[in-house]
Amino acid sequence: MKKKIVTTSFQETQQLGETFAKTLQGGEVLALHGDLGSGKTTFVQGLAKGLGIEQKIISPTFIIMRTYQRRKEKYFYHVDLYRIESEHDVEGLGLLELMHDSNNIVVLEWPEKIANFLPEKRIDVIFEYLSDDKRTIEIK
Ligand code: ADP
Ligand code: MG
């Protein structure tokens, strides 16, 4: 689902995430690029909803990764790498094993922090702040 759109509210960004979630089958890695406040976590909230997750999505900034169950033995990993100082900081998470496992959908905020570990096969989503309520979102 390649597209580039402008959303004009956080609800619209969540809706885009929810719609996009329906195209995912398991095994995908989503790399969300964009500055603080550009809407990455907001999009993840919609994704989770679209995946049938009822729990509230809380940004995993301090713990780096949160796991949610989508269905029986199917998981959604929300990873926020903002606070890591080096790629070594993620060694204990087992991220490489989690990615591309068809049971998992893995979403990374600040993926550039682990540039050397980023899989080639991934979906890049690029967020740009336009004004208070407007964001450009490009799914590649
Ligand atoms: P990030 O995870 O990229 O740092 P967040 O999703 O946490 O960003 O924050 C985005 C903020 O911008 C939220 O407070 C949200 O309500 C607000 N916002 C306003 N307009 C939009 C929009 N069109 N899309 C996404 N967020 C928006
Ligand atoms: Mg965030």
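**Helix α2 and its surroundings**

Mentor: Start with helix α2, in which K40, T41, F43, V44, G46, L47, A48 and G50 are the buried residues. Keep in mind that this is a predicted model.

Trainee: What makes α2 mostly covered?

Mentor: The count does. Eight of the 11 residues in α2 are buried, and a residue is called buried when its relative accessible area is under 20%.

Trainee: Which elements do the buried residues of α2 pack against?

Mentor: They pack against α1, β2, β4 (74-80), β5 and β6. After α2 comes G52, with a positive phi near 85 degrees.

Trainee: Why is T13 called buried?

Mentor: The relative accessible area of T13 is 3%. The cut-off is under 20%, so a residue with that value counts as buried. T13 belongs to helix α1, which spans residues 10-21.

Trainee: Which residues does T13 contact, leaving aside neighbours within four places in sequence?

Mentor: T7, G39, T42, F43 and I137 are in contact with T13. Contact here means that heavy atoms lie within 4.5 Å.

Trainee: Which members of the largest nonpolar core touch the most other members?

Mentor: That core has 22 residues, and F20, L30, L32, F43, L47, F76 and V107 touch the most other members. At least two residues each come from α1, β2 (29-33), α2 (40-50), β5 (104-109), β6 (123-131) and β7 (134-139). The largest share is that of α2, with four residues. As a general point, nonpolar side chains in soluble globular proteins tend to be buried together.

Trainee: What does L47 touch, leaving aside neighbours within four places in sequence?

Mentor: L47 is in contact with G17, E18, F20, A21, L24, L30, F76 and V107. Apart from the largest core there is another, of 16 residues, which includes L81, I84, L95 and L108.

Trainee: How do you know that T41 and E109 coordinate the magnesium ion (ligand 2)?

Mentor: By distance. T41 (OG1) and E109 (OE) are at 2.1 to 2.2 Å from the ion, and the limit for a donor to this metal is 2.8 Å. The two atoms therefore count as donors. Water is not among the atoms, so the site may look incomplete.

Trainee: What makes T41 and E109 a link between distant parts of the chain?

Mentor: They are 68 residues apart, with T41 in helix α2 and E109 in strand β5. Both residues are buried.

Trainee: How many aromatic pairs does the structure hold, and why is the pair of F20 and F43 called tilted?

Mentor: There are five aromatic pairs. For F20 and F43 the ring centres are 6.4 Å apart, inside the 6.5 Å limit, so the rings pair. Their planes stand at 35 degrees, which is neither under 30 nor over 60, so the pair is tilted. The pair joins helix α1, which holds F20, to helix α2, which holds F43, across 23 residues. F20 and F43 are both buried.

Trainee: Why is the pair of Y68 and F76 called tilted?

Mentor: By the test just used: the planes are at 40 degrees, with ring centres 6.2 Å apart, so this pair is tilted as well. Y68 is buried at 3% relative accessibility, and F76 is buried at 0%.

Trainee: Which residues form one aromatic cluster with F43?

Mentor: F20 and F127 do.

Trainee: What makes K113 a charge over the ring of Y82?

Mentor: K113 lies over the face of Y82, at 5.9 Å from the ring centre, and the distance limit is 6 Å.

Note on methods
Residues numbered from 1 in each chain as written. Chains lettered and ligands numbered in written order. Predicted model: local features only at pLDDT ≥ 70, side-chain atom pairs only at ≥ 80, totals over all residues. Heavy atoms only, no water. Buried < 20%, exposed > 50% of the residue type's maximum accessible area, 1.4 Å probe, protein only. Core = buried A, V, L, I, M, F, W, Y, C linked by side-chain atoms within 4.5 Å. Donors = N, O, S within 2.8 Å, 3.2 Å for Na, K, Ca; no water. Phe/Tyr/Trp six-rings, centres within 6.5 Å; stacked < 30°, edge-to-face > 60°. Lys NZ or Arg CZ within 6 Å of the ring centre and 35° of its normal.
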